[in-house]
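Student: Could you walk me through this model and show me how to read its features?
Tutor: Gladly; let us look at it together.

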Amino acid sequence: MKKVLAMITTLALSASLLAGCGTNDNTEGSSGDASNEKVTLSVWGMGEEAKTLPKIAEQFTAENPNIEIKVQALPWDQGHEKLLTAIASKKGPDVVQMGTSWIPEFADAGALADLAPYVEQYPELKQKHFYDGAVEAGTYEDKYVSVPWYVETRVLYYRTDLLKEAGYDQAPQNWEELSDAAQKLAARGDGKYGMSIDPKEQSLGFMFARQNGAEWFTPDGQPDFANDKFVEAVEYINSFYQNGSAPKDLGLDIIPAFKEGILPMFISGPWMIKLIQDQAADIDGKWSMAVLPKKENNTSLLGGSNLSIFEYSKNKDAAAKFVAYMSKAETQLKWMEFTSSLPAATAAWEDESLKNNEFYKVIGEQLNAAVPMPVITAWSQISQSYVKHFEVIYRNNVDVKKELEALNAEAVKFMK
């Protein structure tokens, strides 16, 4: 909180930069009454997909002609600073797209409005309509501050033909089988591996620790990243590098490596489906997806984006109406059609386009066992520290417990 407030104070001096970026001032009627007066909503979206938001906004305005939507698409690498400036000036968007990892920081800074007062008026906002993990990501200190919009999770991609040659007619079902299959695939010869494990993926170690039943924090909320189960999980990941199943520095993009069979298994998100289909069409029918192999459980990561109402908006009711519209299953299905982003509303997954798709069925199943990273402000620093310490582990094969104890000591400082 102190770091956020310090940045906000500094940025307050340049708050005038927002003048050309859209504000929540409404010259035609500032009461924000979505049912009577003309309202103009400023909506900030992030990344390339946000450029498609005006298509959805047009459909919303057709149903709600008194609410005009002005969309500003911001690159992800600029959105964070823009939001800090908006907090400092108390002028910014009415509705803002939030990456799930951003929510703790901006909720802690008081920038995200409590959505509870709008749930009765707009039942689409009710938390029961969304995956539990997505609801958890949008909740900060028991306050509902961000509505799930679209979701993603991690699953196992694998070459069915090569796994069959290694003696597996289906995807590995547990940790033991995953390790065994990876070693058998790596034994095909020089330049061949069993699996790609991205050492720069900040959340991977924590995900495996969860699967091993590790607690991340003590009962009183202190970091606990050096407990036996956490250590065991990281030792398991490290074993893939040490026995040659996973490359340390291959220097190949995953799609061509998957296509050529160099890396026949990897863990990633739903965006890889279209990339494989587009860039590796000649292996069609030779690859598939599966939920993650299990240890004590097969819990995966949950990511995606949410929609929040900016605390300083003067049009909160109209903003809630727009966010509720974006929360409808049919709207999220339309958004998927435009951008390939997967809906957070569980009812949308009953649609034939998802229900009967062999790949999306796997994603849908995994989403039932997917949870976000902890909704705490220090998490970004903790996860970056993990990457640093894990690099020491897999490159030098050092004592895992000692390295995780060093990580834990840093995490304690981050949380003070």
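Tutor: We will go through a sheet, some salt bridges and a pair of helices in turn. Keep in mind that this is a predicted model.

Student: Let us begin with the sheet. In what order do the three strands of the open sheet come?

Tutor: The general idea helps here: strands of a sheet pair through backbone hydrogen bonds, either parallel or antiparallel. In this case the order is E8-E7-E9, with antiparallel pairing. Strand E8 (265-268) and strand E9 (287-290) are the edge strands, each pairing on one side only. On average, neighbouring strands of this sheet are turned by 25° against each other, direction ignored.

Student: How many bridges join E7 and E8?

Tutor: Four bridges, in the antiparallel sense, join E8 to strand E7, which covers residues 155-159. To find your way, take tyrosine 158: its bridge partner in E8 is methionine 265.

Student: Which strands does helix H15 lie across?

Tutor: Helix H15 (residues 358-367) lies across E7 and E9, and its direction is at about 20° to E9.

Student: Now the charged side chains. How many salt bridges does the structure hold?

Tutor: There are 16 salt bridges. One of them joins glutamate 48 and lysine 51, with the closest N and O atoms 3.1 Å apart. Both glutamate 48 and lysine 51 are exposed.

Student: Which residue meets glutamate 232 in a salt bridge?

Tutor: The partner is lysine 295, at 4.0 Å from N to O. This pair links distant parts of the chain, 63 residues apart: glutamate 232 sits in helix H9 (residues 228-242), while lysine 295 is in the loop between E9 and strand E10 (300-309).

Student: Why does glutamate 232 count as partly exposed?

Tutor: Partly exposed is the class between 20% and 50% relative accessible area. Glutamate 232 counts as partly exposed because its relative accessibility is 38%. Lysine 295 has a relative accessible area of 36%, so it too is partly exposed.

Student: What about aspartate 282 and lysine 259: how do their side chains meet?

Tutor: They form a salt bridge at 3.7 Å, N to O. Aspartate 282 is in the loop between helix H11 (271-279) and E9, and lysine 259 is in helix H10 (residues 254-259), so the salt bridge ties together parts 23 residues apart in sequence. Aspartate 282 counts as exposed, at 53% relative accessibility, whereas lysine 259 is partly exposed, with a relative accessible area of 27%. Elsewhere, Glu152, Arg154 and Glu201 are joined into one network by salt bridges that share partners.

Student: And how should I read two packed helices?

Tutor: Two packed helices are described by the angle between their axes and the distance between the axes. For helix H12 (residues 316-327) and helix H13 (residues 329-339), the axes come within 5 Å and cross at roughly 70°. That angle makes H12 roughly perpendicular to H13.

Student: Which residues of H12 and H13 meet?

Tutor: Tyr325, Met326 and Ser327 in H12 meet Ala329, Thr331 and Gln332 in H13. Sorted by class, the contact has three nonpolar residues, three polar residues and no charged ones.

Student: Where is lysine 328 placed?

Tutor: Lysine 328 belongs to the loop between H12 and H13. With a relative accessible area of 23%, lysine 328 is partly exposed. Measure from its C-alpha to that of alanine 344 and you get 9.5 Å in space, for residues 16 apart in sequence.

Terms used. Residues are numbered from 1 along each chain as its sequence is written. This is a predicted model: local features need pLDDT of at least 70, side-chain atom pairs count only at pLDDT 80 or more; totals for chains, interfaces and linings use all residues. Side-chain values use heavy atoms; hydrogens and water are left out. Two strands pair if DSSP finds at least two bridges between them. Helices (H or I, at least four residues) and strands (E, at least two) are DSSP runs, numbered from the N terminus. Axes are lines fitted to C-alpha atoms, for helices over the stretch in contact, and angles run from 0 to 180 degrees between N-to-C directions. Contact means heavy atoms within 4.5 Å. Buried means under 20% relative accessible area, exposed over 50%, partly exposed in between (1.4 Å probe, protein chains only). Angles under 35 degrees count as roughly parallel, over 145 as roughly antiparallel, 65 to 115 as roughly perpendicular and the rest as oblique. Ala, Val, Leu, Ile, Met, Phe, Trp, Tyr, Cys and Pro count as nonpolar, Asp, Glu, Lys and Arg as charged, and the others, Gly among them, as polar.
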